[in-house]
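Visitor: Hey, got a minute to walk me through this one? I'd like to start with what "buried" is supposed to mean here.

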Amino acid sequence: MLPPAVTHAGPETSGTIALEHSSEEASDLRSVGYEDVQMVNRSDRDAAVLDAPETPTQLDLNEEATAKPFNRLLAIDFDNGNQRDRDESDGELVQPGDRPGLGTADSLAPARSYTSQPVGYFVQQALATHPSIQAARQRVYAEQDRIPQVTALPDPQFNNTFWPLENNATQTAAGRVANQMSLQQGVPFPDKLRTRGAIVSREAQMAQAELERIERQVTESVRLAYYEVWYATRAMQVIEQTRELVDDLNRVAEARYRAGGTQQDVLRAQLEIDRLDDQLIQLRRQKEVSQADLAALMQQPIALMAEATEELDIADAPIQLAALIAQAEHCNPSLRGLAAEIQRDRQQQKLACLQQYPDFMVGLNWGIVSDNHDVLSPVANGNDQLSLTFGTTLPIWREKIDAGIREASRRTSSTQQRLEAERNEIYGRLRRLLSQADALVEQDELYRTRLVPRTEDTLRLAVADYRGERTDFYTLIETYRELLMFETQLARIHATLAGTIAQIDRTVGCPY
């Protein structure tokens with residue numbers, strides 16, 4: 001069952017808000033961000049209650065509004081008791097520095113950029129700029145650069161021997177040896193160099209898997225932060241719409257009080273307004289924290305104040321656990337990194353076995369012979385000496401070689417156990433996340449099709465009964481609180497479901 005697409009207005013979008021109940025608009029999950037723009041709807045009565053004047057705003061809501069959920073329930077003309085269309089242009093967007101009590105300190109803060117983009121935009125920016133990803137990518141390049149180093153022959157050795165004192169120089173029948181030069185090249189046993197190259201190649205694969213793991217982690221963090229920004233924004237809009245309803249109820253209570261009713265209803269309505277103000281303060285703080293986290297992931301912790309787009313698209317929650325497990329086997333970076341580590345350990349085990357075979361050394365020697373008059377041999381002809389050398393190592397310390405083989409074998413076994421443990425942990429995590437996603441989909445269906453519509457109908461009847469003095473204000477307030485709770489909880493369900501699918505994507509290693 002597809003959850004509905006939820007739309008809301010960001011700071012750069014239309015000021016109207018609509019909660020759609022059509023399941024056909026649901027699609028892919030995008031992310032959550034963190035709060036910054038303070039949105040507060042204040043009526044003239046609010047300004048009187050708070051005793052603080054409102055300042056002009058930098059961002060204005062679009063006055064071409066569609067019907068809002070709470071506006072659909074109640075629009076009352078308090079002068080003649082008839083319903084009428086309410087003026088929807090009395091709300092304002094209040095910047096942080098414009099809120100009463102904050103003074104002008106915010107005017108000294110750096111200029112901030114308000115960006116309303118889909119989650120994919122923020123993910124791409126974070127992947128392109130995050131330093132942890134850049135560091136991991138450089139480690140991959142570094143491992144790749146090791147391959148030609150370990151597969152090359154060792155550097156040849158050149159030696160030059162000479163005698164500074166002629167009388168002490170070696171003399172042969174051909175004459176005095178004035179200078180001796182040699183060139184030697186070490187040659188490892190066949191297959192050792194190739195095995196070393198295979199080991200480093202596997203380590204490069206391990207570094208690549210670590211890079212992908214960090215990318216998945218950053219992607220998940222960006223999406224979760226984005227979804228939190230979306231939730232806080234949506235919840236603030238619901239409360240602001242509720243504020244308009246409470247203002248209407250307050251006017252109804254005042255009208256009844258003027259007609260001889262009780263003042264208790266008026267005070268209770270004003271108390272509800274204060275409660276909503278408190279909730280807005282908490283949501284603004286939550287949004288600002290989420291916006292700060294998202295900006296930090298984007299490497300703009302001061303300048304960027306991210307906003308979520310109107311729509312939060314939610315795709316179908318995955319159904320088959322077996323299909324997710326199969327994808328995780330191929331995509332999960334941790335599993336692929338451990339698989340590459342096992343292959344690396346096996347190559348190291350092979351190299352340890354090759355240590356029982358000798359390495360070789362070949363060389364060329366050239367001796368310069370002089371036949372001048374100082375030579376001792378009467379038959380000296382000055383012919384230079386030329387010789388070839390061949391040498392080999394003697395791997396006779398079997399205890400050392402056998403210990404190396406055992407070490408490599410135990411490391412391979414250890415990595416295999418780690419792979420099995422990681423696989424079991426991933427399977428368990430996928431099972432938990434899948435169960436959570438299924439439950440959220442069912443909750444979404446319940447709230448959209450039953451709880452919210454029925455509570456709206458109940459509130460509509462309660463308003464009519466209160467106007468006809470057939471019920472008390474307490475019953476009306478309780479019904480309104482339930483609707484506020486259900487509307488807010490529905491937004492939380494959407495954000496949590498989006499975050500759950502983001503966690504499933506990271507656990508699987510690729511979008512399911």
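Guide: Sure. A residue is called buried when its relative accessible area is under 20%, exposed when it is over 50%, and partly exposed in between. One caveat up front: this is a predicted model.

Visitor: Okay, so is Glu212 buried or exposed?

Guide: Glu212 has 15% relative accessibility, which is under the 20% limit, so it counts as buried.

Visitor: Where does Glu212 sit?

Guide: In helix α5, which covers residues 192-258.

Visitor: And what is Glu212 in contact with, leaving aside neighbours within four places in sequence?

Guide: Pro333 and Arg336. Helix α8 spans residues 333-354, and Pro333 and Arg336 are both in α8.

Visitor: How do α5 and α8 pack, then?

Guide: Their axes come within 8 Å and cross at roughly 165°. Angles over 145 degrees count as roughly antiparallel, so that's the label for α5 and α8. The crossing is left-handed, and by class the contact has 8 nonpolar, 7 polar and 12 charged residues.

Visitor: What about α8 against α9?

Guide: Helix α9 is residues 398-467, and α8 packs on α9 at about 170° with the axes 8 Å apart. That pair is therefore roughly antiparallel too. In this contact I get 10 nonpolar, 8 polar and 7 charged residues.

Visitor: And how do α7 and α8 cross?

Guide: At roughly 50°, with the axes coming within 6 Å; α7 is residues 321-331. This pair is therefore oblique.

Visitor: Which residues meet there, from α7 and from α8?

Guide: From α7, Ala328, Glu329, His330 and Cys331; from α8, Pro333, Leu335 and Arg336. The class split is 4 nonpolar, 1 polar and 2 charged. Pro333 and Arg336 turn up again here, after their contacts with Glu212.

Visitor: Switching topic: how many residues are in the largest nonpolar core?

Guide: There are 80, and those with the most contacts inside the core are Phe122, Val222, Leu430, Phe473, Leu476 and Tyr480. Helix α5 gives the most to this core, with 20 residues.

Visitor: Pick Leu476. What is Leu476 in contact with, beyond neighbours within four places in sequence?

Guide: Leu249, Leu459, Ala462, Val463 and Tyr466. Leu249 falls within the 192-258 range of α5, while Leu459, Ala462, Val463 and Tyr466 fall within the 398-467 range of α9.

Visitor: Nice. Now backbone: which residue has a positive phi of about 85°?

Guide: Asp191, and it is not a glycine. Most residues other than glycine have a negative phi. Asp191 is in the loop between β8 (175-187) and α5. With 29% relative accessibility, Asp191 counts as partly exposed.

Visitor: And what's phi for Gln299?

Guide: Near 65°, again a positive value in a residue other than glycine. Gln299 lies in the loop between α6 (264-297) and β9 (304-307). At 36% relative accessibility, Gln299 counts as partly exposed.

Visitor: Let's zoom out. How many helices and strands does the chain have?

Guide: 10 helices and 11 strands. The chain has 512 residues, and 44% of them count as buried.

Visitor: Last one: among contacts between residues at least 6 apart in sequence, what percentage join residues at least 24 apart?

Guide: That figure is 84% for this chain.

Definitions and conventions
Residues numbered from 1 in each chain as written. Predicted model: local features only at pLDDT ≥ 70, side-chain atom pairs only at ≥ 80, totals over all residues. Heavy atoms only, no water. Core = buried A, V, L, I, M, F, W, Y, C linked by side-chain atoms within 4.5 Å. Buried < 20%, exposed > 50% of the residue type's maximum accessible area, 1.4 Å probe, protein only. Helix = DSSP H or I, 4+ residues; strand = E, 2+ residues; numbered from the N terminus. Contact = heavy atoms within 4.5 Å. Axes fitted to C-alpha atoms, helices over the stretch in contact; angles between N-to-C directions. Parallel < 35°, antiparallel > 145°, perpendicular 65-115°, else oblique. Left-handed = near helix turned anticlockwise from the far one by under 90°. Nonpolar A, V, L, I, M, F, W, Y, C, P; charged D, E, K, R; others polar.
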